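Here is a quick walk through one helix, its packing partner and a couple of loop residues. Have the sequence and the 3D view open as you read.

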Amino acid sequence: MIRRIALLLAVVALSLPVFAQTTLNGAGATFPYPIYSKWFSEYNKLHPDVQINYQSIGSGGGIRQVINGTVDFGVSDGPMTDDQLKEAKFKLFHIPTVLGAVVPAYNVPGISGEIKFTPEALAGIFLGKIQNWNDPAITKANPGVNFPNQSIIVVHRSDGSGTTYIFTDYLTKVSKDWESAVGKGASVKWPVGLGGKGNEGVAGQIRQLQGSIGYIELIYALQNKISFGSVQNAGGNFVKASLDGVTEAAASLKNMPADFRVSITNAPGKTAYPISSFTWLLIPAQSKDPKKGKILADFLNWMVADGQKMTYELSYAPLPASVVEKVKAAIQQVH
């Protein structure tokens, strides 16, 4: 009798479906890494048979890998160019996921408070034309602040970076000198400065070097307790990065293009933060493995619903409701 029961249980066990682990691999921007880590972990709790691995190697690396087909998805804070999309030889969707801010972070001896930066001052500093913290271009906007006679050390990204794209996109809009001398891109020829890999690399350099200034994503400044300044926006107001300021910058966008490739730097609005951006998942319209395509679509639908509720705790702004509806329509084409 016992042998019969054992045999019956063995037969039942063999007849049960076996849920194999499916692993999705992605790579790209460091800008959204904190929120993506949270999302992939939470999604795995709901779907233990799905593991999503993500390497934060910079937007440039993410674009290259998704074009080459070595990852299931890429991530970028700067939209792919038309030439890059053609190089891919397959249809790629730019799926906006959250909004974030890039901030001018600094380590100035004797100053722990907020420094106000005009567009002219930021462009001048990163062009190497403003070389000292007591330069009138900086002090004029900060009456009452006692700046040291200290040389400025510029820190920038050394890797292909969406954060660099956002920052240089902003500088290109506000400075003719920057536009003609450097321009915008995920990688540019920096006139001055030291390089750091990833947002974390730049943040680390700023923490260590007195007199330094660099650009990093808001969450990295907050996590590393690095001082960061306010930036004069298109309305003439000095605005410190906040979720409300990022949301207002996004709200200025009247018509989201069908492919979601858009810039919201230097947006109009009284309290709009001027160095704000969407970040995008780069998703193949048709995955090589149909099972992975189905999982990606399911994750994206979860991301625009439950995932958006997790943005505030990590200092990102959620997608506007109007954008969410358009994203849902795009997701239906992912398979």
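Right after helix H5 comes Gly 128, with a positive phi near 85°. Helices here (H or I, at least four residues) and strands (E, at least two) are DSSP runs, numbered from the N terminus. This is a predicted model, where local features need pLDDT of at least 70, side-chain atom pairs count only at pLDDT 80 or more, and totals for chains, interfaces and linings use all residues. Residues are numbered from 1 along each chain as its sequence is written, and side-chain values use heavy atoms, with hydrogens and water left out.

H5 itself is mostly covered, with eight of its nine residues buried. Buried means under 20% relative accessible area, exposed over 50%, and partly exposed in between (1.4 Å probe, protein chains only). Among the buried ones are Leu 122, Ala 123 and Phe 126.

What does H5 pack against? Helix H7 (residues 162-174) meets H5 (residues 119-127) at an angle of about 115°, and the axes are 10 Å apart. The axes are lines fitted to C-alpha atoms, for helices over the stretch in contact, and angles run from 0 to 180 degrees between N-to-C directions. H5 brings Pro 119, Leu 122, Ala 123 and Phe 126 to the contact, while H7 brings Phe 167, Tyr 170, Leu 171 and Val 174; contact means heavy atoms within 4.5 Å.

Phe 126 shows up again in the largest nonpolar core, which has 106 residues, as one of those with the most contacts inside it. Such a core is a set of buried Ala, Val, Leu, Ile, Met, Phe, Trp, Tyr and Cys residues joined through side-chain atoms within 4.5 Å. Leaving aside neighbours within four places in sequence, Phe 126 touches residues including Trp 178, Trp 190 and Ile 213.

Now for two loop residues. Tyr 273 sits between helix H11 (243-251) and strand E12 (276-284), and Gln 308 between helix H12 (290-305) and helix H13 (321-331). Both make polar contacts, that is, pairs of N or O atoms within 3.5 Å; within protein, one must be able to donate a hydrogen and the other to accept it, and residues adjacent in sequence count only if both atoms are side-chain atoms.

| Side chain | Relative accessible area | Backbone partner and distance |
|---|---|---|
| Tyr 273 | 0% | oxygen of Val 102, 2.7 Å |
| Gln 308 | 8% | nitrogen of Leu 319, 2.7 Å |

Tyr 273 also has its C-alpha 6.1 Å from that of Ala 249, 24 residues apart along the chain.
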